[in-house]
Amino acid sequence: MKISILVAPILMLPLFAANAWADCSAPTNQSEMTQCAGQAYSAADKKLNLAYNEYRALLGGEQKKQLTQAQQAWIKFRDLSCAFESSGVEGGSAYPMVRSACLAAKTESRLADIKKLQECKEGDMSCPARK
C-alpha cells in the first residue's frame, strides 16, 4: 500500500509536465486557456505581493495598519467581484479560465495602484506619509 501511494505521484508527473508547457501566446484548447489564465493570475499575484511588501516597509505604524486593512478589504472585494463576474459560466469548463482571468486583471489593477503610491513625490499631499 505504501509503495503505491509513493509511486502514484511519480506516474502522474508526465500529466503535469505536459500541462506545464502550454504555449500561452496561442493556446489551442480549453485546458491550455485555463492553464494560461491561471499562470497569468499567479504571476500578477506574485508581483503584487512583492510591491505590497516593499511599499509597506516604507510606512510607519499607523499607515502599515491602514494599508493592511485596505489590502484585506480589497482581497475580499476582488474575490467576491470575480465570483460574481464569472457566475455566468459557473459549472462549465470555461469557469476556471474566466475566474482566473478576472483575478489576474483585478490584481494587475491593484498592482498599478500600489506602484502609484510607491512613486509619490515628496510633498504630494494626496499620498500617505512615509516613515
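This note walks through the disulfides and salt bridges of the structure above.

1. A word before you start: the model is predicted. The points below take the cross-links one by one, with the disulfides ahead of the salt bridges.

2. How many disulfides does the whole structure hold? A search finds three. As a reminder for newcomers, a disulfide is a covalent bond between the sulfur atoms of two cysteines. If you count the bonded cysteines along the chain, the pairing reads 1-2, 3-4, 5-6.

3. Begin with Cys-24 and Cys-36, which are joined with an S to S distance of 2.1 Å. The link of Cys-24 and Cys-36 is left-handed, with -90° about the S-S bond. Cys-24 sits in the loop between α1 (2–20) and α2, while Cys-36 belongs to helix α2, so this disulfide ties together parts that are 12 residues apart in sequence. The two cysteines are worth viewing with their surface switched on: Cys-24 is partly exposed, at a relative accessible area of 36%, whereas Cys-36 has 10% relative accessibility and counts as buried. Cys-36 is called buried because its value falls under the 20% limit.

4. Next come Cys-82 and Cys-102, whose sulfur atoms lie 2.2 Å apart. Which parts of the chain does this pair tie together? Cys-82 is in helix α3 and Cys-102 in helix α4, so the bond bridges parts 20 residues apart in sequence. The torsion about the S-S bond of Cys-82 and Cys-102 is about -85°, so this disulfide is left-handed. Both Cys-82 and Cys-102 are buried.

5. The remaining disulfide joins Cys-120 to Cys-127, with 1.7 Å from S to S. With -75° about the S-S bond, the link of Cys-120 and Cys-127 is left-handed. Are these cysteines buried or exposed? Cys-120 is buried, and Cys-127 is buried too.

6. Now for the charged side chains: the structure holds three salt bridges. In one of them, Lys-47 and Glu-108 meet at 3.2 Å, N to O. This pair links distant parts of the chain, since Lys-47 is in helix α2 (residues 30–56) and Glu-108 in helix α4 (residues 95–118), 61 residues apart. Lys-47 is partly exposed at 42% relative accessibility, and Glu-108 is partly exposed with a relative accessible area of 34%. Lys-47 earns that label because 42% lies between the 20% and 50% limits.

7. Another salt bridge brings together the side chains of Glu-85 and Lys-106, at 3.1 Å from N to O. Glu-85 lies in helix α3 (residues 61–85) and Lys-106 in helix α4, so the contact ties together parts 21 residues apart in sequence. Glu-85 is partly exposed, with 43% relative accessibility. You may like to look at this pair alongside the disulfide of point 4, as Cys-82 lies in helix α3 and Cys-102 in helix α4.

8. Finally, the side chains of Arg-78 and Asp-79 form a salt bridge, 2.9 Å from N to O. Which side of this pair is buried? Arg-78 is, with a relative accessible area of 6%. Asp-79, in turn, is partly exposed at 27% relative accessibility.

9. For a second look, try following helix α4 through the points above: it carries Glu-108, the partner of Lys-47 in helix α2, as well as Lys-106, paired with Glu-85 of helix α3. Helix α4 also holds Cys-102, tied to Cys-82 in helix α3.

Key:
Residues numbered from 1 in each chain as written. Predicted model: local features only at pLDDT ≥ 70, side-chain atom pairs only at ≥ 80, totals over all residues. Heavy atoms only, no water. Salt bridge = Lys/Arg side-chain N within 4 Å of Asp/Glu carboxyl O. Helix = DSSP H or I, 4+ residues; strand = E, 2+ residues; numbered from the N terminus. Buried < 20%, exposed > 50% of the residue type's maximum accessible area, 1.4 Å probe, protein only. Disulfide = S-S within 2.5 Å.
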